[in-house]
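Below is a short note for someone opening this entry for the first time. The points can be read next to the sequence and the structure.

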Amino acid sequence: MKYKLHFLTISFIIGLFIQCSKPDEEIPFFTVSFSATKGGAVSSNGGKYQLGEKISVTAIPEGEYLFTKWSDENTNTLRNFTITSDINLNALFEKRKYPLIINIEGNGQVKEEIISLSKTTDYSSGTKVRLTAIPSGEWDRFDSWSGDLISTEISVELVINKPTTINLKFTETNMMITENVIPIEEGLSVDDISRTFSIPSGVFHYSTDSDNYIFFPGQANWISGGAMVNKEDVPRVPSVIFKLGNSGWELFKVDYEAKFWGARNYEVIDNVVGIGDGNEIGDSSMWSGDLFYGNILADGNINWSIVNDENQQSFFHGTCLGDINGDGITDIGGSPGFGGEYGDLNLYFKDNSGFSFQNDLVSISGYQPFAIDFADLDNDGIDEIVTATYIMDGSHYRENELNSISVYKFDKQSNKFHLFFKSEEPYVFYNKSFGATSIKCFDFDNDGDIDISVARERHEGDGAFEIWLNEGNTFKPHYVSKVYTQTELMFREFSVMDVNGDSFPDIVLRPHADGNLYRINGGVNIMDSGGVQLNEIIQINNGDGTFSPYYENELKLDGYIVRNVLPYMNDGILNFIGTFPGNHQNGDPDKKVYTVNVKIKI
């Protein structure tokens, strides 16, 4: 009995143990998955884990990448878990981002283009960027990149792999140069082209509306000083007109209505131009040509008239326009006149029927003048006649004529011009005799009265210009430029224009030869000149009718081979056109003209 009870107790305990135990397949397991995006890894890929088991995982960035967060928005690199459910997490990585700082000096901006990689608004490490400098205005110029990028190329590429700071510099230029080649196949020979685009005299600029033109008077083959040469045996040469297009100067037309032996001074007033044919063919007694009067049309053409009869041809060294009879119509004059029965000036009234020669309108006092201008010096509505002579040393019996100017005023009672003023100080400006080559009348000191400027030259090549101030009943010698030697600068003509916008007329000289103040390499063969420099020929009005050469900025055209330069104003900006006939490379002439246009902001 006692034995059975013990057996039953053991059986109950074993049965109880069996009832409290479960097989292995009934214990919960959960799936854990860890993964990483490009640029990193995880310390564990996961697996199956029982309920309550503890695990950990670490996000590991690689190279230039940074860990940002897990897919559940948790930003801890190390994660610890107690398993209670399935886990599926992705570690997110992205490339390092670096700032690109661009500091801009001057007027301009930069265009940034991402060439490769990633988001278009990011500069992740390794992003390739193209930077392009964009100047703001016409006169702004890209200069350079500096800082973490050193370059003088306007467009550059760089890879962003560190914090980057770049400096972009713009500068303001005051000179722009363009070149063009103009074929001239029509009408002119190679020699005609070579002569026409090598002579500075008579070349002028004009404009209609917004279009700009340059007129080049034809230049014949001069055979100067030969008494046996007949000018009629030398053909006159048609003129050429260029027009400024979008890509530079281009041929507008060959003008067969304006044929010249050798043009000299000219004047343009509004839509009228006057120009004289000087002609130095043969003996000086044969030097004579025609006086041209042109109406500039809206389409750029010029309607020409020859105002003189054939027997009134003269050596028209000076030509001018103005109203000398008070009828409101532009008249024309030329000097020196034919002489003899025609006096020393050729003066022509213009009316609706044409031109009438005024052979007794004025009686010249003294030697015949070579330079002439019309200007209303006393504001009475009728232009005065201003003249200057061309006399050299050795003519001491005419000493009172040396370096002089004369002013003739209209007298209503006699209906003629009489001498009103003549300078009596032959050496007030110079200790030598100079010959007058051109006259321009402007208000140089802005006092409301028109003053007188004269350019002069000597046979030795010296040249200068002078200013006479209008003081009512007299003209006061006021200023004379430097007397330029032949080795420095030679000029016969000059232009008057406000080149710096200060309302005071400035003077721009028109050089016609070599010289170390014009040619970079001085008085050498033009092909070896090294180009030209423009500073000395731009004479800035100091605000009182005195002048100083412009040297605020260097105006040097290195390597640009030109014969001559013509100044003109366009939209308030000073321009020069320089021409060279023939081939730039070896100097051989051809039927092309090479032009250089220089735009200068003074």
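**Notes on rings, charges and strands**

1. The charged end of Lys440 is placed over the ring of Tyr266, 5.3 Å from the centre of that ring. This comes from a predicted model, as does everything below. A second charge of this kind is Arg458, which lies over the face of Phe434 at 5.6 Å from the ring centre.

2. Tyr266 also belongs to an aromatic cluster. The other members are Phe204, Tyr206, Tyr213, Phe215, Phe252, Phe260, Phe292 and Trp304.

3. Part of the chain around that cluster can be described as a sheet. Four strands make an open sheet, ordered β15-β16-β17-β18, with antiparallel pairing. Its edge strands are β15 (204-208) and β18 (248-260), each of which pairs on one side only. On average, neighbouring strands in this sheet are turned by 25° against each other, direction ignored. Strands of a sheet pair through backbone hydrogen bonds, in either a parallel or an antiparallel way.

4. Inside the sheet, β16 (residues 211-216) and β17 (residues 237-245) are joined by four bridges in the antiparallel sense. Which residue of β17 is the bridge partner of Phe216? The partner is Val240.

5. Aromatic pairs have been counted over the model, with ring centres required to lie within 6.5 Å. The count comes to 34 aromatic pairs. One of them joins Tyr348 and Phe357: the ring centres are 5.2 Å apart and the planes stand at 40°, so this pair is tilted. Tyr348 counts as buried because its relative accessibility is 1%, and buried means under 20%.

6. Phe465 and Phe547 form another aromatic pair, which is edge-to-face, with 5.7 Å from centre to centre and 80° between the planes. Phe465 lies in strand β33 (residues 463-470) and Phe547 in strand β39 (residues 547-549), so the pair ties together parts that are 82 residues apart in sequence. Are these two rings' residues buried or exposed? Phe465 is buried, at a relative accessible area of 0%, and Phe547 is buried as well, at 5%.

7. One annotation should be read with its origin in mind. An unreviewed UniProt entry carries "domain: Bacterial repeat" for residues 31-95 and 99-172. In the model, residues 31-95 are 0% helix and 65% strand. The end C-alpha atoms of that stretch are 31 Å apart.

How values were computed: Residues numbered from 1 in each chain as written. Predicted model: local features only at pLDDT ≥ 70, side-chain atom pairs only at ≥ 80, totals over all residues. Heavy atoms only, no water. Phe/Tyr/Trp six-rings, centres within 6.5 Å; stacked < 30°, edge-to-face > 60°. Buried < 20%, exposed > 50% of the residue type's maximum accessible area, 1.4 Å probe, protein only. Helix = DSSP H or I, 4+ residues; strand = E, 2+ residues; numbered from the N terminus. Lys NZ or Arg CZ within 6 Å of the ring centre and 35° of its normal. UniProt positions renumbered as here; feature names shortened; annotations may be inferred. Pairing = 2+ DSSP bridges. Axes fitted to C-alpha atoms, helices over the stretch in contact; angles between N-to-C directions.
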